[in-house]
Amino acid sequence: VSQSRYPRQRLSYDPETGQLCWKAHPSRSTRWNTRYAGTEALGTTNGSGHKYGSVDGCKIKAHRVVWALHRGAWPDGEIDHINQQPADNRIENLRVVTKTINMRNVARTRANTSGATGVVWYKRKAKWHARIGVNGKQHSLGYYDSFEEAVSARKRANAQWGFHTNHGGERVSK
């Protein structure tokens, strides 16, 4: 799976659905081709919702294969699913980014209780506290009387620090 042309020999890609399918392969048995050719390839879903599978014993993530098939080369960074749906491997939903940029486009965590990323109720002050994590450090954005003010402060900080507009959006169920 080391060269981008190898997946092209074994897999087909539908850009409208983002789905990969096995191609018939002359070196495989008729039984294999009858059973697998034309069926979904790399369609197993991991715990985070990304699709993956094996090609000749090598585990590989489907979105990386999609990138290689479409662009003609393996991605040189992380692949970000722009709409935060990790099973959506349409090429227009994929972009190569650094780990830092990828982390600036994540869905709201399941542990979030306020409904807004970076906004928590601070009981001692009886106010909403807005904060943001940047480059491994937490930055306080202030304490606010209203939830809406705290959310607004966080949105301004998201824009200032280059977070994607989808960051902190509602988690999509798998």
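Author: A pocket is an open set of grid points with protein on both sides within 12 Å along at least five of seven lines. Its volume is the space filled by probe spheres set on the points. The model discussed here is predicted.

Reader: What volume does the second largest pocket have?

Author: The second largest pocket is lined by 27 residues. Thr117, Gly133, Gln138, Arg154 and His167 lie nearest its centre. The space in this pocket comes to about 490 Å³.

Reader: Which element gives the largest share of the lining of the second largest pocket?

Author: Three strands give two or more residues each: S8 (119-122), S9 (127-134) and S10 (137-144). By class, the lining holds nine nonpolar, 13 polar and five charged residues. The largest share is four residues, and it comes from S9.

Reader: What is the volume of the largest pocket?

Author: Its lining has 23 residues. Closest to the centre are Ser48, His50, Pro86, Asn105 and Val106. The volume of this largest pocket is about 620 Å³.

Reader: How many charged residues are in the lining of the largest pocket?

Author: Helix H3 (62-71), strand S6 (78-81) and helix H4 (99-102) each give two or more residues to this lining. S6 gives the largest share, four residues. By class, the lining has six nonpolar residues, nine polar ones and, among the charged, eight.

Reader: Which element gives the most residues to the largest nonpolar core?

Author: This core has 17 residues. Leu11, Leu20, Leu42 and Val65 touch the most other members. Strands S1 (11-14) and S2 (19-22) give two or more residues each, as does H3. The most, five residues, come from H3.

Reader: Which residues does Val65 touch, not counting those up to four places away in sequence?

Author: Val65 is buried in H3. Val65 is also one of the core members that touch the most others. Leaving out residues up to four places away in sequence, its contacts are Pro7, Leu11, Leu20, Leu42, Ile60 and Trp74.

Reader: How many residues make up the second, separate core?

Author: Nonpolar side chains tend to be buried together in soluble globular proteins. Here a second core stands separate and includes Val119, Trp128, Ala130 and Tyr144. Its residue count is eight.

Reader: How many of the ten residues of H3 are buried?

Author: Buried means under 20% relative accessible area. In H3 that holds for Ala62, His63, Val65, Val66, Trp67, Ala68 and Leu69. The helix is mostly covered, with a buried count of seven.

Reader: What phi does Gly72 take, just after H3?

Author: H3 spans 62-71. Gly72 comes just after this helix. Its phi is positive, at about 85°.

Reader: What is the volume of the largest cavity?

Author: The count of cavities of 30 Å³ or more comes to one. Among the residues that line the largest cavity are Gly18, Leu20, Glu40, Lys51, Val66 and Asn89. S2 and H3 each supply at least two lining residues. The volume of this cavity is about 30 Å³.

Reader: How many residues of the lining of the largest cavity are charged?

Author: A residue counts as charged if it is Asp, Glu, Lys or Arg. The lining also has five nonpolar and three polar residues. Its charged residues number two.

Reader: Is Asp56 buried, partly exposed or exposed?

Author: Asp56 is in the loop between strands S4 (51-55) and S5 (58-61). Its phi is positive, near 50°, though Asp56 is not a glycine. Partly exposed covers the range between under 20% and over 50%. Asp56 has 46% relative accessibility, so it counts as partly exposed.

Reader: Is Asn135 buried or exposed?

Author: The loop between S9 and S10 holds Asn135. Asn135 has a positive phi of about 50° without being a glycine. Because its relative accessibility is 62%, Asn135 counts as exposed.

Reader: Which are the edge strands of the open sheet S3-S4-S5?

Author: Three strands form this sheet, with antiparallel pairing. An edge strand pairs on one side only. Those strands are S3 (44-45) and S5.

Reader: Which residue in S5 stands opposite Gly53?

Author: S4 and S5 run antiparallel. Four bridges join them. Opposite Gly53, in S5, stands Ile60.

Methods:
Residues are numbered from 1 along each chain as its sequence is written. This is a predicted model: local features need pLDDT of at least 70, side-chain atom pairs count only at pLDDT 80 or more; totals for chains, interfaces and linings use all residues. Side-chain values use heavy atoms; hydrogens and water are left out. On a 1 Å grid over the protein atoms alone, a cavity is a set of points where a 1.4 Å probe fits but cannot get out, and a pocket is an open set with protein on both sides within 12 Å along at least five of seven lines; lining residues have an atom within 4 Å of a point. A nonpolar core is a set of buried Ala, Val, Leu, Ile, Met, Phe, Trp, Tyr and Cys residues joined through side-chain atoms within 4.5 Å. Buried means under 20% relative accessible area, exposed over 50%, partly exposed in between (1.4 Å probe, protein chains only). Contact means heavy atoms within 4.5 Å. Two strands pair if DSSP finds at least two bridges between them.
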